[in-house]
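Here is a guided look at one protein chain. Keep the sequence and the 3D view side by side as you read.

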Amino acid sequence: MPTITDIKKSGNPEQAEDFGRTTGRWLHQFCIDIDFAPVFDLELFGKKIDNALRDRCWGTSADEVIRWAGAFLEGLEREGVASCPKALPGTCGSTLDSHEKLPTVRRDA
């Protein structure tokens, strides 16, 4: 499976839709009709920081996430799979992987 980073290298959101369609077909093979996995967090630190979101973020701004993740969701829906996107509050603002260590997020409100 390609990573989101790989898909975005194409510069074409249609690649994200194709990935959504492929994911939808795979899920249907297992009689799954809803995807609880899509992550819609922002990538705030780039690839140099591994905060458990590496290769899972669709963009660094809301507009970028909407464009790319929206295309992915369209692909899922075309295959009859609903989606429940998630965000991991605080994770995009941390600099540590919460699976490994307890991160602290220091940001202004």
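**Around helix 3**

Just after helix 3, Gly-80 has a positive phi of about 80 degrees. Helices (H or I, at least four residues) and strands (E, at least two) are DSSP runs, numbered from the N terminus. The model is predicted: local features need pLDDT of at least 70, side-chain atom pairs count only at pLDDT 80 or more, and totals for chains, interfaces and linings use all residues. Residues are numbered from 1 along each chain as its sequence is written, and side-chain values use heavy atoms, with hydrogens and water left out.

Now take helix 3 itself. Its 17 residues should span 24 Å at 1.5 Å a residue (1.5 Å times one less than the number of residues). Its end C-alpha atoms lie 23 Å apart, which agrees.

Which residues of helix 3 are buried (under 20% relative accessible area, 1.4 Å probe, protein chains only)? They are Glu-64, Val-65, Trp-68, Ala-69, Ala-71, Phe-72, Leu-73, Gly-75 and Leu-76. Their cover includes helix 1, helix 2, strand 1 (34-35) and strand 2 (82-83). Leu-76 has contacts (heavy atoms within 4.5 Å) that include Gly-20, Leu-27 and Val-81, not counting residues up to four places away in sequence.

Next comes the largest nonpolar core (buried Ala, Val, Leu, Ile, Met, Phe, Trp, Tyr and Cys residues joined through side-chain atoms within 4.5 Å). Of its 14 residues, those touching the most other members include Trp-68, Phe-72 and Leu-76. Helix 1 (4-9), helix 2 and helix 3 (62-78) each supply at least two residues. Helix 3 gives the most, with seven. In soluble globular proteins, nonpolar side chains tend to be buried together.

How values were computed: Buried < 20%, exposed > 50% of the residue type's maximum accessible area, 1.4 Å probe, protein only.
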